[in-house]
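Please find below a reviewer's note on the model under discussion. The points are numbered, and each may be checked against the coordinates.

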Amino acid sequence: MVAEREVNGNGVGEGRTTLIFTYGTLKRGFSNHPLLQDLIRSGDASFVGTYRTAAKYPLVCGPYKVPFLLNIPGSGHGVHGELYSVSTRGLERMDELEGTSRAHYERLPIKVVPAAEEEDDDGFDGEEEAAAGLTCAEAYYAHGNYAMELWKKNGKRGLRCYSQKETIGYVKRKDRPQHLTFLDHIRFFLSSN
């Protein structure tokens, strides 16, 4: 796994960690960040910094204003987010939240670079990446079973950043209809006008 690294004494937990790029509700100040705060308190995660994708990717909102990164490199924008180093135990908790075993999201590799304060939005390629601190990490992408439909539903337009503006209308999991699965919510969203 390209995003794994050994930790020596002063890092997260013991053993291997994985760099995870967060772009939505897991970021500081958003609804699922308490999970990362808990992982930081237990020594299972640490904040690395503010990053953005090295290539363009679509970032869209789905049902209940839930953010989805789509594994369609070259479309969308350079997406801004946060990078965390996460232990194996922490990764299990994040995978559970993101429903990787239930085909909600899939955790896949992504290349990111430190986000500059003043920059245009779209990623870059080639030699510039190496000079800009290219880092191999992983991210939670919308599952491939529905990602392209989400892209089309959003008019093939994506966001640069999931911000507080996009959270207007966001509905927390506990407040969504409980008799429907996450995939049911997605199906209804995709079939609605």
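Which backbone oxygen lies 2.6 Å from a polar atom of the side chain of Thr167? The reply is given in point 1, together with the surroundings of Thr167.

1. **Thr167 and its surroundings.** This is a predicted model, and the remarks that follow should be read accordingly. The oxygen in question belongs to the backbone of Gln164, and the distance of 2.6 Å runs from it to a polar atom of the Thr167 side chain. Thr167 is located in the loop that links helix H4 (147-153) with helix H5 (182-191). With residues up to four places away in sequence left aside, Thr167 touches Phe30 and Tyr162. Thr167 and Pro67 are separated by 100 residues in sequence, yet their C-alpha atoms are 9.0 Å apart in space.

2. **Overall composition.** The protein chain contains 5 helices and 8 strands. Their order along the sequence is β-β-α-β-β-β-β-α-β-α-β-α-α. The chain has 193 residues, of which 46% count as buried. Among contacts with a separation of 6 or more, 76% are between residues 24 or more positions apart. The accessible surface amounts to about 9800 Å², and carbon and sulfur atoms contribute 49% of that area.

3. **Strand S6 and its two partners.** Strand S6 comprises residues 80-87, and 8 of its 8 residues are buried. One partner is strand S2 (residues 16-22), which pairs with S6 in the antiparallel sense over 6 bridges. Within this pairing, Thr18 stands opposite Val86 of S6. Strand S3 (residues 45-53) also pairs with S6 in the antiparallel sense, here over 7 bridges. Phe47 has Tyr84 of S6 as its bridge partner.

4. **Strand S8 and its two partners.** Strand S8 (residues 135-142) is mostly covered, with 7 of its 8 residues buried. S2 and S8 run parallel and are joined by 2 bridges. Ala139 in S8 is the bridge partner of Phe21. Strand S7 (residues 105-114) and S8 run antiparallel, with 8 bridges between them. Tyr105 stands opposite Ala142 of S8 in this arrangement. S2 therefore deserves attention when points 3 and 4 are read together, because strands count as paired if DSSP finds at least two bridges between them; S2 has 6 bridges to S6 and 2 to S8.

5. **The buried side of helix H1.** Helix H1 spans residues 33-41, and its buried residues include His33, Leu35, Leu36 and Leu39. These residues lie on the same side of H1, because they cover an arc of only 150 degrees around the axis. As a general matter, an α-helix has 3.6 residues a turn, so residues three or four places apart point the same way. The cover over the buried residues of H1 includes S2, S3, S6 and helix H2 (88-98). After H1 comes Gly43, which has a positive phi near 85 degrees.

6. **The annotated position Glu98.** Which feature does UniProt place at Glu98? The record, an unreviewed entry, gives "active site" for this residue. The annotation may be inferred rather than shown by experiment, and the author may wish to word any statement about it with care. In the model, Glu98 is in helix H2. Glu98 counts as buried because its relative accessible area is 9%, and the cut-off for buried is under 20%. Residues touched by Glu98, not counting those up to four places away in sequence, are Leu26, His104, Tyr105 and Tyr140. Of these, Tyr105 was met in point 4, where it stands opposite Ala142 in S8.

7. **Positive phi values at Tyr64 and Lys65.** Most residues other than glycine have a negative phi. Tyr64 is not a glycine, but its phi is positive, at about 60 degrees. Lys65 likewise has a positive phi, near 65 degrees. Tyr64 is placed in the loop between strand S4 (59-61) and strand S5 (67-69), and Lys65 lies in the loop between S4 and S5. Are these residues buried, partly exposed or exposed? Tyr64 is partly exposed, with a relative accessible area of 27%. Lys65 also counts as partly exposed, at 31% relative accessibility.

Definitions and conventions:
Residues numbered from 1 in each chain as written. Predicted model: local features only at pLDDT ≥ 70, side-chain atom pairs only at ≥ 80, totals over all residues. Heavy atoms only, no water. Buried < 20%, exposed > 50% of the residue type's maximum accessible area, 1.4 Å probe, protein only. Arc of directions from axis to C-beta. Contact = heavy atoms within 4.5 Å. Polar contact = N/O pair within 3.5 Å; in protein donor to acceptor, adjacent residues only side chain to side chain. Areas by Shrake-Rupley, 256 points an atom, 1.4 Å probe, with all protein chains shown as cover.
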